[in-house]
Each structure stands twice: as structure tokens, then as C-alpha cells.
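Dear colleague,

Please find below the structure that I am handing over to you. My notes on what was found follow it.

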Amino acid sequence: MKLETIVALATPPLKSALGIIRLSGMETFTIINRVFFTNTGSLSERGIYHGWIKDGDETIDEVVVLAYIQPKSYTGEDLVEIIFHGSPLIAQQILSILIKYGARSAEPGEFSSRAFLNNKIDLIQAEAINDMINATSLEAKKLALYSLKGETSDKILPVQVKIADLVSLIEVNIDYPEYTDIEIATTEKVLADTNEITKAIDLLIDEGRQGKIIKEGLKVAIVGKPNVGKSSLLNALIGEEKAIVTNVAGTTRDIVEGEINLDGIILHLYDTAGIRESQDQIESIGIGKAKQVLTDADLIILVIDGSRTLDEEDQKILELTQERKRLIVYNKSDLTNIEKHDGKLYVSALTKDISALKRAIVKLFAIDNASFSRPSLTNARQLGLLAQAKQNLLTAQELAKQKIPLDLINVELQAALMAINDVLGKTGDSDLSQEIFSRFCLGK
Ligand SMILES: Nc1nc2c(ncn2[C@@H]2O[C@H](COP(=O)(O)OP(=O)(O)OP(=O)(O)O)[C@@H](O)[C@H]2O)c(=O)[nH]1
Ligand SMILES: [Mg+2]
């Protein structure tokens, strides 16, 4: 495949000490040698070169160029990185000259996409590059690094091999019934193998869900009726007086957001308007927003004023959230009239006595310590494909139990194999990879 030579700025278009422009493709050296001049001759070998970027007689900047010869480069193609003085103006000038001499502006993620096409990385690794750049906690970055190093891909390979072995055994049995020296494919064999494989997939899915939480954090909605201390709880959790707190019921109208890192898990917190029947137009809009946040949340912290008896308003919100993952928190435990019962969660947002809540969140999501140092498949695409493969294997199992002919069972096994291959990007589905790389930043 002959691909055009692409160019992009790999650093932000801002004033900085240095900036980097990348150029990759077949014409890389032809183009760079027309604009880059060094005392040591033209650029033809892998190495670091000092010199000047010129457009005809006009010198643009003094630069350092790193030259990589294919296949030993990030993209697997001939590639250079031009390190220039970090001015957006210079960046523009150098980009225009390179384009003038035959390069094309790269699309977001196009360098990584070429690395994928040239088998330098698989899709899991490509996604990990994006995850590394977008990681907002050290823990998330560490997980992405495992995937980048290929350790996550290594975990899925045994599953792929086992399904592929079963598929080929069945195919050989069907196509060459006269062969006597190969194992005979039976529905019992299908049952035993698919059982083992689905267990392995279950483990991958479970570890992946935990990794996903470490990577993306949790959306946590703080809800309850007015005046129970939701905003006070947000403030206590983030350690800052961000939300307005008053003793007037209906203080919070808009959503107030905060973020904390709880034992390595990022919690995206949303303080909401107290939910009640209201005639006030502004408050009603706030309540509508609260209900929306509630729908999207991974966890609901339902706050109740522990110093008062439950009323109808509390009951309604209890009902509204009963199907959801939630923690019911009894606030204002500092007040003396509070009657405490075993097994309930008491906090005081006012005195910042909220450790029981923090412990409960960590326990609820059962993030074990191993999750922080274990490669896992963490994005929705990967987890969705694993679920798909599992579904196909379960169907194959059902068919095997009914002693359905092996060629029909094999259709399901092949579909499972396809889903697993898709995780790694080994099926050559170009729409899929295009979709993934379009989420990258420019120059990556
Ligand atoms: N004693 C005590 N008072 C609290 C506690 N938490 C909140 N309060 C008080 O309860 C009142 C309401 O607190 P907010 O945090 O504004 O309550 P809210 O649930 O956000 O209220 P709305 O925004 O109106 O829905 C304020 O006077 C707070 O000081 C607590 O733990 N103990
Ligand atoms: Mg409030």
C-alpha cells in the first residue's frame, strides 16, 4: 500500500521552549532534504542532525532533526521529527513549506493508524496510547502503560488460541473425515472447551470492569430532598467550600461538580438540587437536571437528614433510586437527637466526619489492590467484544447440549473468534480502526 507522506505538529500550538513537527511516509527524506540544510551533508541515515530549515534563500529556523529509517520508527515508515523553537508562527511556516514540497496534513491519529497498519502495534496498544495521553490519575496511566507494552494483548491471546484450536479441529474433522490420526471433535469436547474459555473470558471481563473504573473513574450523584446536607457533603468530600450552603431549603439549583481521588479511584461528584414538588420555575429546572444526573450516574449517594424521621419526600427518592447502585447516607450525625441503628451509614458533613462513606464506596466497587498493577481490557469497545464472544460461546454450548451437528456449532465458534480478533484489530475492519484513530489528537 502506497500512502502519502503526512505531516503534523505533535506539540500544542503555543509558545514554548521547543516544538516538534512529525513527517512520515515514503517521500519523507525527499521532502526534508529540500528544506533542511546541515553542515554534515544530506539526511539519509538514522540519526540526530543539527541544521536550518530554509524556504529557498529564506532561513526559517535553526532546528534539530531526528531521522528514523523504516521500519524502525513509530509509524514503521521513514519518519523525521523536527525540533524547532516553540513558536506557533514558526510551526505554521515549517508546516506550510513541508506541504508545499509534497506532504499532506495528517488527520488526528493518522501516525498511530500507520503504526497499526504496519503491525508496529495492535489495536489494544493503539488505544493505550490515547489512554496514556488522557489519563488523569497516575493509576490510570500505569494501566495504560501495561497495554502499551503489549501485556494486555498477551492476556487475551490464550483465549484466541483456544477458540482457534477448537474451530480448526472441527473444520479438519468435517473436511477430512478419512484422517484417523487426529483427535475426534465431539459435542463433549465442545462443551468442555467452551466451558473453560468462557471462564477465562469472565475473568477478563471482571478485571476489565475494575480497570475501567480505575481508568475513567465513577460518576457519583449526590441526591436527596432539600436541606439534608448534599452540598455540605460535596464540600466535605472535596475539601473546599465550592457549593453554596445555607439553611434555606432549595439553595442548590444548578449541578455543582467536584472531583476527588479516593484510594486511586477518581470520583466525579455531582451535587444536585434537592428533589421535591416545586412551583418555583427555576427550582423545577434544577430538579429536572438532578434527575438527569441521577440517570447517568454509576453510583448514587442518597442523603437523608438523620436527625429527622423519614418523610414522604425521602420515600419518593428512595423509590426513585431503588433499582440503582446506591449508598443511603444518614447525615447530621453530630446532632444529639440522632438515633443510630446498626448497619446504617452515618456521617456529618458539617464536622467532616465522612470516613465511613469513603470506606463504603471503596468496598462497594470491590477494587482489589491487584487491579492497580494488572493489565486489563478497559474500554467499552473491548469489553463489548468480550461479552459478544462469550455470548457466541454460550450459544455454541447450548447447541452442543442438544447434539446439534458440529458444522452449525462451528458458526458460533467462528463468530466468537471474530469478536476476539476484533479486540486486537486482527480482522482488518478498516471502519473500526478509522473510528478509533479519529479520537486521537493531531500529530499522534
Ligand atoms: N448539624 C449539621 N448540619 C448540617 C450538616 N450538613 C449540613 N448541615 C446544615 O444543613 C443545612 C443545609 O445544608 P446544605 O448542604 O445546603 O443542604 P442541601 O441538601 O444541599 O440543600 P439544598 O441545596 O437546598 O437541596 C445548612 O444549614 C447546613 O449547615 C451536618 O452534618 N450537621
Ligand atoms: Mg445544596
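The domain bounds used here come from an automatic or database domain assignment. Please bear in mind that this is a predicted model. On that assignment, the protein is divided into domain 1 (6-122), domain 2 (129-213 + 376-437) and domain 3 (222-354). The centres of domain 2 and domain 3, taken over C-alpha atoms, are separated by 42 Å. Domain 2 and domain 3 each contribute four residues to the contact between them. On the side of domain 2 that touches domain 3, one residue is nonpolar, two are polar and one is charged.

I turn next to the seven-stranded sheet. The sheet is open and mixed in its pairing, with the strand order β3-β4-β5-β6-β2-β1-β7. Its edges are β3 (36-37) and β7 (104-105); each has a single partner strand, so one side of each is left without a neighbour in the sheet. Strand β2 (residues 18-24) runs antiparallel to strand β6 (residues 79-85), and seven bridges join the two. Within this pairing, Ile21 has Ile82 of β6 as its bridge partner.

Two helices pack on this sheet. Helix α1 (residues 28-35) touches β2, β3, β4 (47-55), β5 (58-68) and β6, and its direction makes about 135 degrees with that of β2. Helix α2 (residues 88-100) touches β1 (6-9), β2, β4, β5, β6 and β7, and its direction makes about 75 degrees with that of β5.

A further set of strands is parallel. Six bridges link strand β11 (residues 299-305) to strand β12 (residues 326-331) in the parallel sense, with Ile304 opposite Tyr330 of β12. Together with helix α10 (residues 312-320), β11 and β12 make a right-handed β-α-β unit. β12 also runs parallel to strand β13 (residues 345-346), to which two bridges join it; here Val329 is the bridge partner of Leu345 in β13.

Finally, there is the ligand site. Ligand 1 is surrounded by 24 residues, of which Gly229, Ser231, Thr252, Gly274 and Leu350 are the closest. Helix α8 (residues 230-238) supplies the largest share of this shell, namely three residues. By character, the shell around ligand 1 divides into 13 polar, eight nonpolar and three charged residues.

With kind regards

Notes. Residues are numbered from 1 along each chain as its sequence is written. Chains are lettered from A and ligands numbered from 1 in the order in which they are written. This is a predicted model: local features need pLDDT of at least 70, side-chain atom pairs count only at pLDDT 80 or more; totals for chains, interfaces and linings use all residues. A residue is near a molecule or strand if its C-beta atom, placed from the backbone, lies within 6 Å of it. Helices (H or I, at least four residues) and strands (E, at least two) are DSSP runs, numbered from the N terminus. Ala, Val, Leu, Ile, Met, Phe, Trp, Tyr, Cys and Pro count as nonpolar, Asp, Glu, Lys and Arg as charged, and the others, Gly among them, as polar. Two residues are in contact if their C-beta atoms, placed from the backbone, lie within 7 Å. Two strands pair if DSSP finds at least two bridges between them. Axes are lines fitted to C-alpha atoms, for helices over the stretch in contact, and angles run from 0 to 180 degrees between N-to-C directions. A crossover is right-handed if, with the strands pointing away from the viewer, the path from the first strand over the helix to the second runs clockwise.
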